[in-house]
Amino acid sequence: HEFWQHGTGSIAVPGEEDGRFEQWLETGDGRYVIQLAPDDTRAEVTNISLSLRSGLLQRLTLGFQRGGQGIKPDMIERRFPGCRGVLDALVARYGQPQAFVSEMEDNLEHRVRSWRGPEGTLHLDCGRFTGRTAIFAMDIEIEAPGTPSAWPEPAPKPARKKR
């Protein structure tokens, strides 16, 4: 358990004598991060992160990265579950995604699918390295209603011409 205070680089952990962790969790701006022990993981989730503003939840992130060594694409791919299984579970529960955005970051393509509802917005971020076929689930983000999205809006589809 850690709380990373926004904009300061400061980190607090539970049990510190100055009470910063509890205070920041209640009223602070930053991220509360929980790393799950291997025996505590469920449905491939390995960590949980809460983004807070003035102590109010803005975004919940469920991360899927397992431990491992190496920086080669095949080594990184093995640390994550396949995207298809996670996507199928979300589609079974929420229907087809309402938006799809693809963005490149260095040699990693983020393939983000989104669902929107009155409770907020859910994003599944799957990754694929350039020149590789494996697509893996990196995380799920759930944004509170009214929270500015961390993901860009998809480009509008061109209007269909009438015949």
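On helix α3, the buried residues are C83, V86, L87 and L90, where buried means under 20% relative accessible area, exposed over 50% and partly exposed in between, with a 1.4 Å probe and protein chains only. They cover an arc of only 95 degrees around the axis, which puts them on the same side of α3; that arc is taken from the directions from the helix axis to the C-beta atoms. Turn to the face pointing away from that buried side and you meet the exposed residues R84, G85 and A92.

Before going further, a word on what we're looking at: this is a predicted model, in which local features need pLDDT of at least 70 and side-chain atom pairs count only at pLDDT 80 or more, while totals for chains, interfaces and linings use all residues. Residues are numbered from 1 along each chain as its sequence is written, and side-chain values use heavy atoms, with hydrogens and water left out.

**The helix and its disulfide**

Does α3 have the span expected of it, or does it depart from it? At 1.5 Å a residue, the 12 residues of α3 should span 16 Å, and its end C-alpha atoms are 16 Å apart, which agrees. The expected figure here is 1.5 Å times one less than the number of residues in the helix.

C83 also has a second role to mention, as it forms a disulfide with C126, the two sulfur atoms sitting 2.0 Å apart. The pair ties together distant parts of the chain, with C83 in helix α3 (residues 83–94) and C126 in strand β8 (residues 120–129), 43 residues apart. Both cysteines are buried. The structure holds one disulfide, a disulfide being a pair of cysteine sulfur atoms within 2.5 Å. As for its hand, the torsion about the S-S bond of C83 and C126 is about 75 degrees, so the disulfide is right-handed.

**The chain as a whole**

Zooming out, the protein chain has three helices and nine strands, these being DSSP runs numbered from the N terminus (helices are H or I, at least four residues; strands are E, at least two). Along the sequence they come in the order β-β-α-β-β-β-α-α-β-β-β-β. Taken along the principal axes, the C-alpha atoms fill a box of roughly 70 × 40 × 30 Å. Of the 163 residues in the chain, 35% are buried.

**The largest pocket**

Rolling a probe the size of a water molecule over the atoms shows where empty space is left. The largest pocket holds about 260 Å³ of space. Of the 13 residues lining this pocket, the closest to its centre are R31, N47, S49, T61 and G63. The elements that give two or more residues to the lining are β3 (30–35), β4 (47–53), β5 (56–63) and β9 (136–143), and β3 supplies the largest share, three residues. Sorted by class, the lining has five nonpolar, six polar and two charged residues.

Some terms for the pocket: on a 1 Å grid over the protein atoms alone, a pocket is an open set of points where a 1.4 Å probe fits, with protein on both sides within 12 Å along at least five of seven lines, and lining residues have an atom within 4 Å of a point. Points are joined across faces, edges and corners, and the volume is the space filled by probe spheres set on them. For the classes, Ala, Val, Leu, Ile, Met, Phe, Trp, Tyr, Cys and Pro are nonpolar, Asp, Glu, Lys and Arg are charged, and the others, Gly among them, are polar.

**Around the loops**

Some loop residues are worth a look, too. Their places and relative accessible areas go like this:

| Residue | Loop | Relative accessible area |
|---|---|---|
| P38 | between β3 and β4 | 72%, exposed |
| S54 | between β4 and β5 | 47%, partly exposed |
| G95 | between α3 and β6 (99–105) | 25%, partly exposed |
| D106 | between β6 and β7 (108–117) | 75%, exposed |
| R132 | between β8 and β9 | 33%, partly exposed |

Most residues other than glycine have a negative phi. S54, though not a glycine, has a positive phi of about 50 degrees. D106 is also a residue other than glycine with a positive phi, near 55 degrees.

Contacts across the sequence show up here as C-alpha distances. P38 and R66 are 28 residues apart in sequence and 8.8 Å apart in space. For G95 and W115, 20 residues apart in sequence, the distance is 8.5 Å. R132 and P73 are 59 residues apart along the chain, with 8.4 Å between their C-alpha atoms.
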